[in-house]
Amino acid sequence: MRWFTAFLIAVMAFTLASCSSKFITYNGPEVTRVAVFKEDRKMYLLHHKKVLKSYDVDLGFAPLGHKQVEGDGRTPEGDYFIDRRNPNSKFYLSIGISYPNAADRAYAASIGQPPGGDIFIHGRPKAFQNGKDDWTAGCIAVTDKEMREIYAMVKNGTVISIYP
């Protein structure tokens with residue numbers, strides 16, 4: 001009977017150790033800004049001027065230039081803020097970027113087109129794990145592991161600056 005109890009304890013310990021949550025806790029310095037440099041395919045989480053973390057990113061499938069209309073495949077450029085979270089995203093986890101702003105909507109309206117929306121920082125599906133191609137519809141993609149960190153570190157209301 002002792003061996004059976006020991007076996008059960010070992011199985012329970014292994015089971016608990018193998019259960020990992022996609023939600024982690026972050027207790028470090030506040031992320032005061034997210035900076036994305038499209039040309040370099042880099043994203044930085046900053047505490048004021050200090051870089052806390054950096055990530056390689058994938059962008060929209062047509063990354064040159066500022067997003068102007070729905071379906072153009074571009075990643076927006078400019079200052080926005082993190083405005084929502086999706087713990088059940090089909091791209092693992094995601095945090096929303098406040099595109100389109102008033103200027104984006106006005107420009108799209110002036111040319112008779114919708115501005116698009118639903119721009120997020122999100123995880124990367126297995127089909128795109130090589131990280132070598134821009135493939136999103138305008139979002140910023142990182143690995144799922146990196147997205148766990150970002151989701152924990154970046155709070156709603158954080159400014160995101162996206163540079164060409």
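Leu45 lies in strand E2 of this predicted model. Its relative accessible area is 0%, so Leu45 counts as buried. Leaving out residues up to four places away in sequence, Leu45 touches Val31, Arg33, Val34, Lys50, Val51, Leu52, Lys53, Tyr55, Ile150, Met153 and Val154. The C-alpha atom of Leu45 is separated by 9.3 Å from that of Ile160, although the two residues are 115 apart along the chain.

From this residue the view can be widened to the whole chain. The secondary structure comes to 3 helices and 8 strands, and from the N terminus on the elements run α-β-β-β-β-β-α-β-β-α-β. Of the 164 residues, 36% count as buried. Among contacts between residues at least 6 apart in sequence, 59% join residues at least 24 apart. The accessible surface of the chain comes to about 9400 Å², and carbon and sulfur atoms account for 58% of that area.

Confidence should be considered before going into detail. The mean pLDDT of the chain is 87, with 84% of the residues reaching 70 or more. Over residues 3-19, however, pLDDT stays under 50, and the model has 0 contacts beyond four places in sequence for this stretch. Where pLDDT is low, predicted coordinates should not be read in detail.

Strand E2 has a partner on the N-terminal side and another on the C-terminal side in sequence, E1 and E3. E1 and E2 pair in the antiparallel sense over 5 bridges, and Phe37 stands opposite Lys42 in E2. The two strands form a hairpin with 4 residues between them, and Arg41 in the turn has a positive phi of about 55°. E2 and E3 (residues 50-56) also run antiparallel, joined by 6 bridges. In this pairing Tyr44 stands opposite Ser54 in E3. The hairpin of E2 and E3 has 2 residues between the strands, and His48 takes a positive phi near 55° there.

The interior comes next. The largest nonpolar core has 25 residues, and those with the most contacts inside it are Met43, Ile97, Ile121, Ile140, Ile150 and Ile160. Two or more residues each come from strand E1 (33-37), strand E2 (42-47), strand E4 (78-86), strand E5 (94-97), helix H3 (144-153) and strand E8 (159-163). H3 gives the largest share of this core, 4 residues. Met43 shows how such a residue is surrounded: leaving aside neighbours within four places in sequence, Met43 is in contact with Val34, Ala35, Val36, Lys53, Ser54, Tyr55, Val57, Ile121, Ile140, Val142 and Ile150.

In H3, the buried residues are Met147, Ile150, Tyr151, Ala152 and Met153. What covers them includes E2, E3, E4, E5 and strand E6 (120-122). Ser94, found in strand E5, can be followed from the strand side. Its relative accessible area is 2%, so Ser94 is buried. Beyond its neighbours within four places in sequence, Ser94 is in contact with Arg84, Arg85, Asn86, Ser89, Phe120, Ile121, His122, Met147 and Tyr151.

Tyr151 also leads to the aromatic residues. A search of the whole structure finds 5 aromatic pairs. The rings of Phe23 and Tyr151 have their centres 5.9 Å apart and their planes at 55°, so this pair is tilted. Because Phe23 lies in the loop between helix H1 (2-18) and E1, while Tyr151 lies in helix H3, the pair ties together parts that are 128 residues apart in sequence. Phe23, at 44% relative accessibility, counts as partly exposed, whereas Tyr151 is buried with a relative accessible area of 11%.

A tilted arrangement is also found for Phe91 and Trp135, whose ring centres are 5.8 Å apart with the planes at 50°. Phe91 lies in the loop between E4 and E5 and Trp135 in the loop between E6 and strand E7 (140-141), so this pair ties together parts that are 44 residues apart in sequence. Phe91 is partly exposed, with a relative accessible area of 24%, and Trp135 counts as buried at 15%. Elsewhere, ring pairs link Phe37, Tyr44 and Tyr163 into a cluster.

Conventions. Residues are numbered from 1 along each chain as its sequence is written. This is a predicted model: local features need pLDDT of at least 70, side-chain atom pairs count only at pLDDT 80 or more; totals for chains, interfaces and linings use all residues. Side-chain values use heavy atoms; hydrogens and water are left out. A nonpolar core is a set of buried Ala, Val, Leu, Ile, Met, Phe, Trp, Tyr and Cys residues joined through side-chain atoms within 4.5 Å. Buried means under 20% relative accessible area, exposed over 50%, partly exposed in between (1.4 Å probe, protein chains only). Contact means heavy atoms within 4.5 Å. Two strands pair if DSSP finds at least two bridges between them. pLDDT is the predictor's confidence in each residue, from 0 to 100. Accessible areas come from the Shrake-Rupley method with a 1.4 Å probe; for residues, only the protein chains shown count as cover. Rings of Phe, Tyr and Trp (its six-membered ring) pair if their centres lie within 6.5 Å; planes under 30 degrees apart count as stacked, over 60 as edge-to-face and the rest as tilted.
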